[in-house]
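Biologist: I should like a close look at a single part of this structure, the strand that contributes to the nonpolar core, together with its surroundings. Please treat the cysteines as well.

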Amino acid sequence: SNSRYIPKAVRQAVLIRDKYRCVKCGSQKDLQFDHIVAVANGGSNEVDNVQLLCKICNLEKGVS
């Protein structure tokens with residue numbers, strides 16, 4: 001599917017894998033699910049393409 005919607009089971013698996021922390025800075029505040037490869041670029045909603053980032057790291061990722 002070409003949707004940004006991440007299924008609940010995938011979100012739960014990513015939370016557990018990433019230990020409820022931002023994978024870049026370790027923060028536990030304002031966590032967001034981030035597609036490593038954007039859906040628009042062919043990325044999937046699979047566990048291995050989703051990571052936890054805090055809002056700040058996710059915004060910084062968008063700039064670079």
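Modeller: The following account begins with the core, turns to two residues of the strand, and ends with the cysteines. The model is a predicted one.

The largest nonpolar core has six residues, namely Ile6, Val10, Val14, Leu15, Val50 and Leu52. Two elements, helix 1 (8–17) and strand 2 (50–54), each give two or more residues to this core. Helix 1 provides the largest share, three residues.

Within the core, leucine 52 deserves attention. When its neighbours within four places in sequence are left aside, leucine 52 is in contact with Val14, Leu15, Asp18, Tyr20, Arg21, Cys22, Val23, Leu31, Gln32 and Phe33.

Glutamine 51 also has its place in strand 2. Its relative accessible area is 13%, so glutamine 51 counts as buried, the limit being under 20%. With neighbours within four places again set aside, the contacts of glutamine 51 are Val14, Arg17, Asp18, Val23, Gln32, Phe33, Asp34, Ile36 and Lys61. Of these, aspartate 18 lies 33 residues away along the chain, and the C-alpha atoms of glutamine 51 and aspartate 18 are separated by 7.3 Å.

As for the cysteines, a search of the whole structure finds zero disulfides. Cysteine 25 is in none, and the nearest cysteine sulfur, that of cysteine 54, is 3.8 Å away. For cysteine 57, the closest cysteine sulfur is also in cysteine 54, at 3.7 Å; a disulfide requires the sulfur atoms to be within 2.5 Å, and therefore this pair is too far apart for a bond. Cysteine 57 is nevertheless buried, with a relative accessible area of 9%.

Technical notes:
Residues numbered from 1 in each chain as written. Predicted model: local features only at pLDDT ≥ 70, side-chain atom pairs only at ≥ 80, totals over all residues. Heavy atoms only, no water. Buried < 20%, exposed > 50% of the residue type's maximum accessible area, 1.4 Å probe, protein only. Core = buried A, V, L, I, M, F, W, Y, C linked by side-chain atoms within 4.5 Å. Helix = DSSP H or I, 4+ residues; strand = E, 2+ residues; numbered from the N terminus. Contact = heavy atoms within 4.5 Å.
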